[in-house]
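Reader: Could you take me through one part of this model in close detail? I would like to look at how two neighbouring elements meet, and then see how that part sits in the rest of the chain.

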Amino acid sequence: MIAETVCSAVAAAGLGIAAVTAYRKRFLSAARLAAYSLVPLGLVMTGTVQWLADTAFSPTAWAGFGVLGVAWLLFSTTRAVERRRGGTRKERRQARAAERREAVAPTASAPSLGQGSRPAGKPASAPRSDSADDFSDIEAILRKHGI
C-alpha cells in the first residue's frame with residue numbers, strides 16, 4: 001500500500017516539474033519528463049508494484065531466483081569450457097581425424113617430418129674468425145630486409 005502511494009507521489013511531482021518546464025517553453029524536455037513521471041503511475045495501475053512487493057518479501061521467490069542464478073552459472077561455465085576446448089565432442093573427433101589424414105602429404109612417399117629446410121649435402125659451417133666475414137653476414141641480413 002505504501003509503495004503505491006510513493007509511486008503516485010513521484011508521478012505527481014514529475015508531472016508538476018514537466019508543467020514548469022513546459023511553461024519555460026522547453027516542450028521537448030517537458031514531454032520527456034512527463035513520460036518518465038507516468039511510468040511509476042502505470043506500474044501501480046497494472047499491479048506490477050504489488051507483484052514486486054509480494055516477490056521481494058517471499059522466501060520462495062528468492063529461492064527461485066537463486067536456482068535461476070545457479071542454472072545461468074552452469075550454462076555459462078559449460079559454454080566457456082566448450083569454447084576453450086574447441087567445440088563439441090563430435091567436432092573434436094572430426095578435427096583429430098583430419099589431423100591424422102594430413103600427417104603425410106598425399107603425393108609423398110615418406111613422412112614429411114624430415115630434416116627441414118636445410119639441404120642434406122651441406123655440412124654446418126665452421127665458426128669464422130675474420131671480422132670481414134662477420135660484416136658480410138650482417139650485410140646479407142640487412143639486404144634481406146631491404147635496408
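Author: Happy to; what follows starts with the chain as a whole, goes on to the pairing of H1 with H2, and ends with a salt bridge in H6.

Please keep in mind that this is a predicted model. The chain has six helices and zero strands, so the pattern along the sequence is simply α-α-α-α-α-α. Of its 147 residues, 9% count as buried. The surface that the chain exposes comes to about 12,700 Å², with 64% of it supplied by carbon and sulfur atoms. Among contacts with a separation of 6 or more, 30% join residues that are 24 or more positions apart.

Now for the close look. Helix H1 covers residues 2-23, and helix H2 covers residues 27-46. Their axes are 8 Å apart and make an angle of about 170°. Because an angle over 145 degrees counts as roughly antiparallel, H1 is roughly antiparallel to H2.

Which residues of H1 and H2 meet? On the H1 side they are Glu4, Cys7, Ser8, Val10, Ala11, Gly14, Leu15, Ile17, Ala18, Thr21 and Ala22. On the H2 side they are Phe27, Ser29, Ala30, Leu33, Ala34, Ser37, Leu38, Pro40, Leu41 and Val44. Sorted by type, the residues of this contact are 15 nonpolar, five polar and one charged.

Thr21 is a good residue to zoom in on. Thr21 belongs to H1 and is also part of the contact with H2. Is Thr21 buried or exposed? Its relative accessible area is 11%, and since buried means under 20%, Thr21 is buried. Leaving aside residues up to four places away in sequence, Thr21 touches Arg26, Ser29, Ala30 and Leu33. Of these partners, Ser29, Ala30 and Leu33 are listed on the H2 side of the contact.

Ser8, also in H1, gives another view of the pairing. Ser8 takes part in the contact with H2, and at 32% relative accessibility Ser8 is partly exposed. Ser8 and Gly42 are 34 residues apart in sequence, while their C-alpha atoms are 9.3 Å apart in space. Ala13 is another residue of H1, partly exposed with a relative accessible area of 43%. Between Ala13 and Ala34 there are 9.9 Å from C-alpha to C-alpha, at 21 residues apart in sequence.

The loop between H1 and H2 holds Lys25, which has a backbone feature you may like to check. Most residues other than glycine have a negative phi. Lys25 is not a glycine, yet has a positive phi of about 65°. Its relative accessibility is 64%, so Lys25 counts as exposed.

To finish, let us move along the chain to helix H6, residues 131-144. Side chains of opposite charge can pair when their charged atoms come close. The count here comes to one salt bridge, in which the side chains of Glu139 and Arg143 meet at 3.6 Å, N to O. Both residues lie in H6, four residues apart, or about one turn of the helix. Glu139 is partly exposed at 43% relative accessible area, whereas Arg143 is exposed at 59%.

Methods. Residues are numbered from 1 along each chain as its sequence is written. This is a predicted model: local features need pLDDT of at least 70, side-chain atom pairs count only at pLDDT 80 or more; totals for chains, interfaces and linings use all residues. Side-chain values use heavy atoms; hydrogens and water are left out. Helices (H or I, at least four residues) and strands (E, at least two) are DSSP runs, numbered from the N terminus. Buried means under 20% relative accessible area, exposed over 50%, partly exposed in between (1.4 Å probe, protein chains only). Contact means heavy atoms within 4.5 Å. Accessible areas come from the Shrake-Rupley method with a 1.4 Å probe; for residues, only the protein chains shown count as cover. Axes are lines fitted to C-alpha atoms, for helices over the stretch in contact, and angles run from 0 to 180 degrees between N-to-C directions. Angles under 35 degrees count as roughly parallel, over 145 as roughly antiparallel, 65 to 115 as roughly perpendicular and the rest as oblique. Ala, Val, Leu, Ile, Met, Phe, Trp, Tyr, Cys and Pro count as nonpolar, Asp, Glu, Lys and Arg as charged, and the others, Gly among them, as polar. A salt bridge is a side-chain nitrogen of Lys or Arg within 4 Å of a carboxyl oxygen of Asp or Glu.
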